[in-house]
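Thanks for coming. I will walk through one model this morning, starting with a helix and moving outwards from there.

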Amino acid sequence: MTFQAQAAAQGERAANPVEDRAYRKVFWRIVPFLVLCYIVAYLDRVNVGFAKLQMSSELGLSEAAYGIGAGIFFIGYFLFEVPSNVIMNKVGARVWIARIMVTWGIVSAAFMFTTSETVFYILRFLLGIAEAGFFPGLIFYLTSWYPARHRAKIITTFMSAIPVSAIFGNPLSGLLMDSFHGTHGLSGWQWMFLIEAVPAVLLGVLVFFYLDDKISDAKWLTVDEKSVLTANIEAEDRTKSSSPHDVASTLRDGRVWLMCLIYFCFVLGQYGLNFWMPSIVKASGVVGNFNIGLVSAIPYICTFIVMIALGRSADRHRERRWHLIVPALIAAVGFIAATVSTSTTFSIIALSLAAAGAISCAPLFWSLPTAFLAGTGAAAGIAWINSVGNLAGFLGPFLVGYLKDFTGSTSAGMYLLAAALVIGSIAVLTVPAKSVNR
């Protein structure tokens, strides 16, 4: 097909009123709801960073021990990610996502009973098992509704839950810890874990009644709207003839392993920042858990703006690689700048660069593997890439904590995170542009 014919076809699609109406309905029906679910998931995953401000001194946790506990979540996540996503592909998103959310809500609430380093490790590991499959399951779910030309914007909107959860969750966590500390003999961090776990259970029940497993199940779409959405997905799947078609071939595919490397590097920067942000802000001179929450929300406000803008730009220009490389390199500069900070203001500027760049890489990245994975290969591949990449969620907090114990400063850890982002950027350049720029 010539460039003119492609442009005409794209113009025809854009001018199709049935298609436009269908995608508007899909967006408002499922995307805000999934964003809300992910906000709750991410808050329950990283609120341990705020709990540390009280919990470490009460339980006698070292920096390295906290890092192990924060990161061991991802070991359980890694072990059960692919099986969880394959099960979801068989039983449907509605049942499986509901099960995941209720389970992790119960485990998250149980953190209020943490009495030792060992209990902390066990609960973090169990939380990883409980949540395994949630994120890749929702990414896979979105790809069953949206073709590649809409995907960066939609996944970016979905993953805006990360900065939004921090913008509201950080001050909330600090406020709960300050306000409830000592109530009924419990510490503020215990109340925080209990209260922030409740929405996960309630939303999990709602998922069962609200989500539709596939386009054909959506009673809120007309027959014509279902037809055009289904045709778009089927047309795209026919272009993915090189996709692996089963779990074994997916795990042997070199492209999948390259995606694992890239995502590992980006996640290392993301979680190294998320789990240590409250401590870095506190070290800059901010006093009080609520104030730390307010100040640490600033980088995430910047992240939200940058993330949405980059997602729209990537779809508009049909360009995927440089929309990943540039923010990753900017984040690396931010991490390095944070090591020479001389004031709270300078620290927040540096952390804003680091957060906006590193966290924005996550949603933009998923345009790469979903450009060639389809069917069972997509279910297994997305889960495997996410699980291997999220091992960095274990190594990042642990290494930053270990280096802080060893050197007495977070500088070495920040250099490590910057180096990982540079390596990830170089790996992105090895991905053929024609295979992902859609």
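What should the 18 residues of helix 5 span at 1.5 Å a residue, and how far apart are its end C-alpha atoms? The expected span is 26 Å, and the end C-alpha atoms are 26 Å apart, which agrees. The expectation here is 1.5 Å times one less than the number of residues. Helices, for this talk, are DSSP runs of H or I with at least four residues, numbered from the N terminus.

Before going on, the ground rules. This is a predicted model, in which local features need pLDDT of at least 70 and side-chain atom pairs count only at pLDDT 80 or more, while totals for chains, interfaces and linings use all residues. Residues are numbered from 1 along each chain as its sequence is written, and side-chain values use heavy atoms, with hydrogens and water left out.

Back to helix 5. Its buried residues include A93, W96, I97, A98, I100 and M101, and further along W104, G105, V107, S108 and A109. Buried means under 20% relative accessible area, exposed means over 50%, and partly exposed is in between, with a 1.4 Å probe and protein chains only. What covers those buried residues? Among the covering elements are helix 2 (17-46), helix 4 (63-91) and helix 6 (117-131), together with helix 7 and helix 10 (188-210).

A110 also lies in helix 5, but A110 is partly exposed, with a relative accessible area of 22%. From the C-alpha of A110 to that of L221, 111 residues along the chain, the separation is 41 Å.

On helix 10, take V201. V201 is partly exposed at 27% relative accessible area. Setting aside neighbours within four places in sequence, V201 is in contact with M101, V102, G105 and I106, where contact means heavy atoms within 4.5 Å. V201 and W366 are 165 residues apart in sequence, and their C-alpha atoms are 28 Å apart in space.

Next, the rings. How many aromatic pairs does the count come to? It comes to 26. The rule takes rings of Phe, Tyr and Trp (the six-membered ring for Trp) with centres within 6.5 Å; planes under 30 degrees apart count as stacked, over 60 as edge-to-face, and the rest as tilted. One of the pairs is W104 with F134, edge-to-face, at 4.9 Å centre to centre and 75° between the planes. W104 lies in helix 5 (residues 93-110) and F134 in helix 7 (residues 134-143), so this pair ties together parts that are 30 residues apart in sequence. Both W104 and F134 are buried. They also belong to one aromatic cluster, whose other members are Y38, Y42, F135, F158, Y263, F365 and W366.

Two charges sit over rings, for which NZ of Lys or CZ of Arg must be within 6 Å of the ring centre and within 35 degrees of the ring normal. K52 lies over the face of Y66, 5.5 Å from the ring centre. R94 lies over the face of F208, at 4.5 Å.

Helix 7 has another partner. It packs with helix 17 (residues 375-389) at an angle of about 145°, with the axes 9 Å apart. Helix 7 contributes F135, P136, I139 and F140 to that contact, and helix 17 contributes G375, A378, A379, I382, A383 and N386. Axes are lines fitted to C-alpha atoms, for helices over the stretch in contact, and angles run from 0 to 180 degrees between N-to-C directions.

After helix 17 comes N390, in the loop between helix 17 and helix 18 (392-407). Is N390 buried or exposed? At 2% relative accessibility, N390 counts as buried. Beyond four places in sequence, N390 is in contact with R45, F74, Y77, Y263, V267 and Y271.

G424, in helix 19 (residues 411-429), is buried with a relative accessible area of 0%. G424 touches I262, C265 and F266, not counting residues up to four places away. The C-alpha atoms of G424 and F264 are separated by 7.9 Å, at 160 residues apart along the chain.

Last, backbone angles. Most residues other than glycine have a negative phi. H184 is not a glycine, yet its phi is positive, about 55°. H184 is in the loop between helix 9 (161-180) and helix 10, and counts as exposed at 72% relative accessibility. R318 also has a positive phi, near 50°. R318 is in the loop between helix 14 (289-317) and helix 15 (322-338), and is partly exposed at 27%.

Technical notes. Helices (H or I, at least four residues) and strands (E, at least two) are DSSP runs, numbered from the N terminus.
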